[in-house]
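Work through these exercises with the structure open beside you. Each task is followed by a solution in steps.

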Amino acid sequence: GDEDCHKITPIEGLLGRSGVKILLGMVAQVEEGQYYLEDPTAQIPISLTQTQLLTTGFITEQSIVLVEGELIDGTLLVHKIGHPIFEPRRNALDAIGLRETDIFGAIPTLGELAKLRAMEERHGCEGTFVILS
């Protein structure tokens, strides 16, 4: 039901709204000593002074994170932060209906997409990407 779902608010959607929100974004240090949360709509300074870490692992600059917090005096006071949960690629594509779609626009033709799908099936689709920054 809806009680099991959470709505992700874009950063630009924080302006003029009060209360605790959930956001998905990237941690960035735009100016020395001040971290920001960025998404495709905007960036906002964050305060991590009262933050509970929800997942294991490191959160570094350029990390993609889920954040629960509220906007206070132009700064997002982060209550909770963690990495998004992971799931098999196939499950994610099925959930959002993009099984036959090139979400990044990197494949020029449907023929190329079919070749990549065949390679994925042949070599396995449960691979792991490790991104170091």
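**Exercise 1. Two residues in loops**

Task: Decide whether Q62 is buried, partly exposed or exposed, then do the same for D73.

Solution.
- Step 1. Q62 has a relative accessibility of 40%, so it counts as partly exposed. The cut-offs are under 20% relative accessible area for buried and over 50% for exposed, with partly exposed in between (1.4 Å probe, protein chains only).
- Step 2. Place Q62: it sits in the loop between β4 (52-53) and β5. Strands (E, at least two residues) and helices (H or I, at least four) are DSSP runs, numbered from the N terminus.
- Step 3. Check the backbone. Q62 is not a glycine, yet its phi is positive, near 75°.
- Step 4. Turn to D73, in the loop between β5 and β6. Its relative accessible area is 78%, so D73 is exposed.
- Step 5. D73 also has a positive phi, about 50°, without being a glycine.

A note on the source: this is a predicted model, in which local features need pLDDT of at least 70 and side-chain atom pairs count only at pLDDT 80 or more, while totals for chains, interfaces and linings use all residues. Residues are numbered from 1 along each chain as its sequence is written, and side-chain values use heavy atoms, with hydrogens and water left out.

**Exercise 2. The overall layout**

Task: State how many helices and strands the protein has, and give their order.

Solution.
- Step 1. Count the elements: two helices and six strands.
- Step 2. Read from the N terminus: β-β-β-β-β-β-α-α.
- Step 3. Look at burial. Of the 133 residues, 23% are buried.

**Exercise 3. Strand pairing**

Task: Find which way β2 and β3 run relative to each other, parallel or antiparallel. Then treat β3 and β6.

Solution.
- Step 1. Strand β2 (residues 34-39) and strand β3 (residues 42-47) run antiparallel, joined by four bridges. Strands pair if DSSP finds at least two bridges between them.
- Step 2. The two form a hairpin, with two residues between them. D39 stands opposite A42 in β3.
- Step 3. β3 also pairs with β6, in the parallel sense, over two bridges. Here I46 stands opposite L76 in β6.

**Exercise 4. A salt bridge**

Task: Which residue forms a salt bridge with K80?

Solution.
- Step 1. The partner is E68; the closest N and O atoms are 4.0 Å apart. The criterion is a side-chain nitrogen of Lys or Arg within 4 Å of a carboxyl oxygen of Asp or Glu.
- Step 2. K80 belongs to strand β6 (residues 75-82) and E68 to strand β5 (residues 64-72), 12 residues apart.
- Step 3. A search of the whole structure finds one salt bridge.
- Step 4. Check accessibility: K80 is partly exposed at 29%, and E68 is partly exposed at 24%.

**Exercise 5. A glycine in β5**

Task: Is G69 buried or exposed, and which residues does it touch?

Solution.
- Step 1. G69 lies in strand β5. Its relative accessible area is 0%, so G69 is buried.
- Step 2. Leaving out residues up to four places away in sequence, G69 touches G19, V20, K21, L76, L77, V78 and H79. Contact means heavy atoms within 4.5 Å.
- Step 3. G69 and L23 are 46 residues apart in sequence, and their C-alpha atoms are 8.2 Å apart.
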